[in-house]
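This report describes the architecture of one protein structure, moving from the chain as a whole to single residues in its loops. Please keep the sequence and the 3D view at hand while reading.

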2 protein chains.
Amino acid sequence: MNDGAMQPYALTLEKFLDHAAKWHPNTEVVTADISGRTTRVGYAVLRQRALQVSALLDGFGVRAGEHVATLAWNSQSHVEVWYGTMGMGAVCHTLNPRLTAEQLAAMLVQSEARVLAVSADLIPLAEAVCALSPLVSDIIVIDGDGSEWRSRDDGPRVHALDERGGTGGACELWGDFDETAPSGLCFTSGTTGAPKGVTYTHRSSYLHTLRLLQADVIGLTSRDVVLPVVPMFHANAWGLPFAAPAAGAKLVLPGRVADGASLARLIMDEDVTIAVGVPTVWVGLADHLDKVGGELPSLKRIIVGGTQMPPALMDRIERRLGVAVQTSWGMTELSPSGTFASPHDTARQPSLSGRPAIGVDLMLKDEFGDPLPAQRNIEGHLYVKGAAVIERYFGDSESAADKDGWFDTGDLARIDDAGNLTITGRSKDLIKSGGEWINPAEIEAVIGSIPEVSFAAVIGRADPKWGERPVLLVEMREQQMLSDEELLKPLNGRVASWWVPDDVVRLAQMPLAPTGKVDKMRLRQEYGGN
Amino acid sequence: MNDGAMQPYALTLEKFLDHAAKWHPNTEVVTADISGRTTRVGYAVLRQRALQVSALLDGFGVRAGEHVATLAWNSQSHVEVWYGTMGMGAVCHTLNPRLTAEQLAAMLVQSEARVLAVSADLIPLAEAVCALSPLVSDIIVIDGDGSEWRSRDDGPRVHALDERGGTGGACELWGDFDETAPSGLCFTSGTTGAPKGVTYTHRSSYLHTLRLLQADVIGLTSRDVVLPVVPMFHANAWGLPFAAPAAGAKLVLPGRVADGASLARLIMDEDVTIAVGVPTVWVGLADHLDKVGGELPSLKRIIVGGTQMPPALMDRIERRLGVAVQTSWGMTELSPSGTFASPHDTARQPSLSGRPAIGVDLMLKDEFGDPLPAQRNIEGHLYVKGAAVIERYFGDSESAADKDGWFDTGDLARIDDAGNLTITGRSKDLIKSGGEWINPAEIEAVIGSIPEVSFAAVIGRADPKWGERPVLLVEMREQQMLSDEELLKPLNGRVASWWVPDDVVRLAQMPLAPTGKVDKMRLRQEYGGN
């Protein structure tokens with residue numbers, strides 16, 4: 001063929017670090033430790049250290065396509081292990097330290113990882129995991145001293161990350177593989193079912209990163225300093241360890257701490273411009289500033305996601321911190337970003353999660369999976385399509401998408417005339433009563449806004465006549481008492497009368513999943529009467 | 001394989017229009033005609049019209065992979081023909097109306113296009129082209145009435161664009177092909193050699209578009225209104241007809257007019273926020289505003305490229321218009337963008353063309369093609385690599401890249417400590433005298449800044465002793481006289497004494513290429529003495 005051609009260019013993730021090392025060599029990655037000390041490194045040196053991790057893994061016999069697990073906080077070393085693993089074509093399996101050893105071991109059985117990188121302070125958990133995971137042969141201790149563990153000899157071999165560097169030839173293991181190769185594995189939080197593995201590829205995460213860099217999404221620039229409080233073990237820290245070097249932005253990693261005082265100090269000391277995390281993180285920051293005073297002049301924007309932003313909290317943060325709150329929506333299966341409110345939008349609303357940028361598309365469908373004729377101003381089941389959207393879960397042979405290639409998010413949503421998404425509930429939480437659907441999220445929003453209520457959850461209970469009927473489970477704030485009638489009264493006129501729960505159950509403590517969300521699966525098991 | 005997967009998602013250009021039609025359906029594409037009238041259409045309707053173009057082309061027997069040529073200004077119809085062609089997998093071959101019929105016919109012989117879309121006011125040129133291009137069987141007249149031509153019957157069949165719509169089934173020809181399929185063909189301007197064809201692919205232009213959308217590059221948002229004065233027939237109007245719908249930005253197309261009064265009116269009437277064009281375009285705009293007064297409050301940024309920005313012009317535009325001038329560097333072979341100064345950079349300098357964003361990389365090499373050991377603060381031959389960089393010219397069997405995959409841009413450049421690029425000349429213009437190189441661009445910069453001088457060019461003349469010696473060719477401003485000594489005197493202390501030209505040749509009119517640059521090839525033929 002003589003019709004001309006453009007250069008080959010594989011969309012692989014090590015290119016982000018190559019780019020940062022060459023064009024932003026002195027831009028820093030800063031890590032805070034639990035004592036408040038910071039360590040820092042430029043991208044050029046960080047790349048060298050990541051190459052040494054590749055050499056270390058090669059020395060352990062790790063090959064392309066094999067999983068390497070991490071059980072670690074947001075830190076420079078964790079970033080080095082990410083790039084060292086992915087850069088040589090191995091797959092980085094991030095583990096959530098908030099899960100139990102049994103849960104983590106079950107995930108390692110699936111990924112068959114033989115190497116595990118562990119933050120030093122997580123060694124007790126790692127010990128318990130390894131006792132249940134005989135495949136793990138090598139441990140790399142990062143972020144601190146692992147000498148305590150090193151003394152034992154009845155388990156896997158234990159190495160300090162700084163053993164790297166003894167081997168040469170690292171560069172030959174860097175890049176140069178197919179862009180469709182897997183790069184990462186992350187299990188869903190499993191609040192509505194067993195955790196399932198999501199495999200990211202170099203191509204999907206590369207394209208996801210380019211989406212984040214769009215001016216209407218996160219729009220990082222080389223002048224930005226970004227603080228991901230959202231953990232690297234949960235949906236890639238929303239992709240920021242990729243986006244920051246790709247844009248040449250400074251990356252500030254909080255380690256395991258996320259209290260208001262530590263975050264305020266980090267933001268002040270490092271001139272953070274964009275901070276990213278779930279809504280509750282920012283309560284602590286606002287509380288701290290209210291208590292001790294002080295301003296955060298560098299901070300321009302806080303990006304929230306993971307759950308809907310409470311309006312009062314958004315208002316408090318925007319007023320107290322003088323920053324814009326940018327709402328978003330996503331999930332592990334979406335790498336994880338779906339929609340973002342534009343940072344340039346002046347009419348911000350906490351319930352609106354923004355529009356999809358090019359590369360991801362949304363569709364509202366009915367309960368049978370057929371597209372709703374009207375896609376605007378009506379509630380539907382939210383389906384997504386895109387380059388960074390799951391096609392098939394790890395270990396599954398069947399597609400996770402429907403016959404038209406759309407992935408069912410399990411969320412219920414509306415889309416307004418301007419294309420803005422509002423998440424209105426979860427389809428699995430829907431209650432079918434007398435053949436009609438009740439959305440518990442709408443009831444919970446009303447009851448949850450009662451000042452005396454700490455947590456409210458509505459589930460369906462088996463009913464011989466109606467199939468299911470709604471039941472309210474409630475945890476009151478300390479010392480607060482309200483009658484059932486007082487609790488249910490605010491629903492008058494806010495929801496249909498047949499949506500009002502038949503019963504109220506008081507709980508001393510609402511069961512929560514590791515993500516902080518109400519564990520509805522457990523509530524249904526205990527109170528669903530099925 | 002049960003290791004999970006992400007969804008397939010082909011990087012094809014029709015997705016930009018699909019995205020805009022679905023998520024920004026009423027955002028407008030506005031076209032000005034020569035009389036100053038504007039027409040406008042929303043992206044949803046524009047997509048329907050592009051689908052009808054696909055159906056029309058299908059009716060002509062056009063198949064995927066085949067070229068469809070356009071000879072047209074920046075207009076809505078031209079955009080529709082672009083997407084209608086590329087959306088069905090055919091290849092859009094843009095022709096420059098400033099070339100001769102012979103030059104254009106030679107290009108059509110290469111691309112073998114059978115269908116040609118022509119702006120009505122270019123019909124005389126198209127007639128001459130078709131007389132030399134027997135392959136062209138069907139003409140589509142856009143942007144006006146083609147009835148004058150329709151009456152003849154000794155040439156190709158002539159159609160009005162609005163014949164589309166008669167055929168159905170357009171949707172089946174939309175997308176659904178491999179992302180590596182060719183999408184466009186554009187010939188280089190040929191100021192330093194015969195014009196060569198550059199073939200863009202869907203993938204390369206898609207990735208180029210994502211680069212433009214980065215906040216540190218153009219960073220278009222859905223609130224922006226972008227005016228590409230740079231023509232669609234020249235390096236894809238810098239990719240803006242792709243970037244605008246991808247971002248959901250309003251697109252304002254100036255038709256064939258680029259005078260200051262028309263541009264000022266368009267910017268004012270349409271609330272343009274970002275205007276894009278070569279430096280000289282903005283002289284007319286500043287002149288007009290100086291003459292009639294008025295402000296352009298919506299305008300935030302002017303993006304320049306194609307040639308180095310004159311410092312005095314940059315200063316004048318920033319002061320008179322109160323906007324930031326964003327410099328850039330690129331070329332047809334780069335799709336065309338290479339580097340951009342960050343729009344967030346407050347320390348703007350006209351000579352700096354910015355840094356490369358992720359997706360394109362730069363390398364300085366010596367005259368033998370070996371990388372310079374030091375890549376900073378030294379002049380070298382500029383090579384590039386990236387997803388939207390040429391690998392092989394149309395019709396060539398040999399690679400245009402070197403053994404390491406780098407494309408030689410033919411430019412000479414420096415890169416400063418912060419990574420900013422400065423173009424310092426063209427390697428083909430270098431003069432080898434006594435075994436050492438003389439860069440004529442440095443001499444031209446000094447002579448060109450003499451107020452009495454209109455154009456200055458320095459070329460090498462064959463010399464029996466030194467190999468080559470520099471000769472200055474100069475066109476003086478009207479009524480201006482300077483002696484040879486007066487012309488050369490400013491070089492004292494600015495360049496090495498042996499760089500001072502041996503001879504001065506006065507020209508009544510400097511030969512210019514269609515791009516407005518000095519035609520050095522012709523100068524060398526006439527005055528190089530080879």
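## Overall form of chain A

In this predicted model, the secondary structure of chain A consists of 14 helices and 27 strands. The C-alpha trace of chain A extends over about 70 × 65 × 50 Å along its principal axes. A compact globule of 530 residues would be expected to have a radius of gyration near 24 Å, and chain A agrees with this because its own value is 24 Å.

Of the 530 residues in chain A, 60% count as buried. Among the contacts in chain A with a separation of 6 or more, 65% are between residues 24 or more positions apart. The area that chain A exposes is about 20800 Å², of which carbon and sulfur atoms supply 50%. As for charge, chain A carries 48 positive and 67 negative side chains, and the centres of these two sets lie 3 Å apart.

## The nine-stranded sheet

An open sheet of 9 strands in chain A follows the order β3-β2-β12-β11-β13-β14-β15-β16-β17, and its pairing is mixed. The edges of this sheet are β3 and β17 (residues 355-356) of chain A, each of which has a single partner strand, so one side of each is left without a neighbour in the sheet. Strands of a sheet pair through backbone hydrogen bonds, and the pairing may be either parallel or antiparallel.

Both senses can be followed from strand β2 (residues 28-32) of chain A. On one side, β2(A) pairs with strand β3 (residues 38-42) of chain A in the antiparallel sense over 5 bridges, and A:T31 has A:T39 in β3(A) as its bridge partner. The hairpin formed by β2(A) and β3(A) has 5 residues between the strands, and in its turn A:G36 adopts a positive phi of about 90°. Strand β2(A) also runs parallel to strand β12 (residues 250-253) of chain A, to which 3 bridges join it; here A:V30 has A:V252 in β12(A) as its bridge partner. Because 4 of the 5 residues of β2(A) are buried, this strand is largely enclosed by the rest of the structure.

Elsewhere in chain A, strand β13 (residues 274-276) and strand β14 (residues 301-304) run parallel and are joined by 3 bridges, with A:I274 standing opposite A:R301 in β14(A).

## Helix α9 and its packing

Which residues of helix α9 (residues 260-270) of chain A are buried? They are A:G260, A:S262, A:L263, A:A264, A:L266, A:I267 and A:E270. An α-helix has 3.6 residues a turn, so residues three or four places apart point the same way.

The buried residues of α9(A) pack against the strands β2, β3, β11 (225-228) and β12 of chain A, and also against α10 (279-292) of chain A. After α9(A) comes A:D271, which has a positive phi near 55°.

## Unusual backbone geometry

Most residues other than glycine have a negative phi, and most peptide bonds are trans. Against that background, the peptide bond from A:S335 to A:P336 is cis, with omega near 5°, and A:P336 is located in the loop between β15 (324-330) and β16 (337-340) of chain A. In chain B, the peptide bond from B:S335 to B:P336 is likewise cis, with omega near 10°, and B:P336 is found in the loop between β15 (324-330) and β16 (337-340) of that chain.

Chain B also contains B:N236, which is not a glycine and yet has a positive phi of about 60°; this residue lies in the loop between β11 (225-228) and α8 (240-247) of chain B. With a relative accessibility of 6%, B:N236 counts as buried. The loop between β11 and α8 of chain B also holds B:W238, another residue that is not a glycine but has a positive phi, of about 55°. B:W238 is buried, its relative accessible area being 11%.

## A buried loop residue in chain B

Is B:V389 buried or exposed? Its relative accessible area is 1%, and B:V389 is therefore buried, since the cut-off for that class is under 20%. B:V389 is placed in the loop between β19 (380-386) and β20 (390-392) of chain B.

Leaving aside neighbours within four places in sequence, B:V389 is in contact with A:M6 and A:Q7 of chain A, as well as with B:E333, B:L334, B:V360, B:V384 and B:F407 of chain B. B:V389 and B:T188, which are 201 residues apart in sequence, are 14 Å apart in space, C-alpha to C-alpha.

Terms used:
Residues numbered from 1 in each chain as written. Chains lettered and ligands numbered in written order. Predicted model: local features only at pLDDT ≥ 70, side-chain atom pairs only at ≥ 80, totals over all residues. Heavy atoms only, no water. Helix = DSSP H or I, 4+ residues; strand = E, 2+ residues; numbered from the N terminus. Rg over C-alpha atoms; globule rule 2.2 N^0.38 Å. Buried < 20%, exposed > 50% of the residue type's maximum accessible area, 1.4 Å probe, protein only. Contact = heavy atoms within 4.5 Å. Areas by Shrake-Rupley, 256 points an atom, 1.4 Å probe, with all protein chains shown as cover. Lys, Arg positive; Asp, Glu negative; His and termini not counted. Charge placed at Lys NZ, Arg CZ, Asp CG, Glu CD. Pairing = 2+ DSSP bridges.
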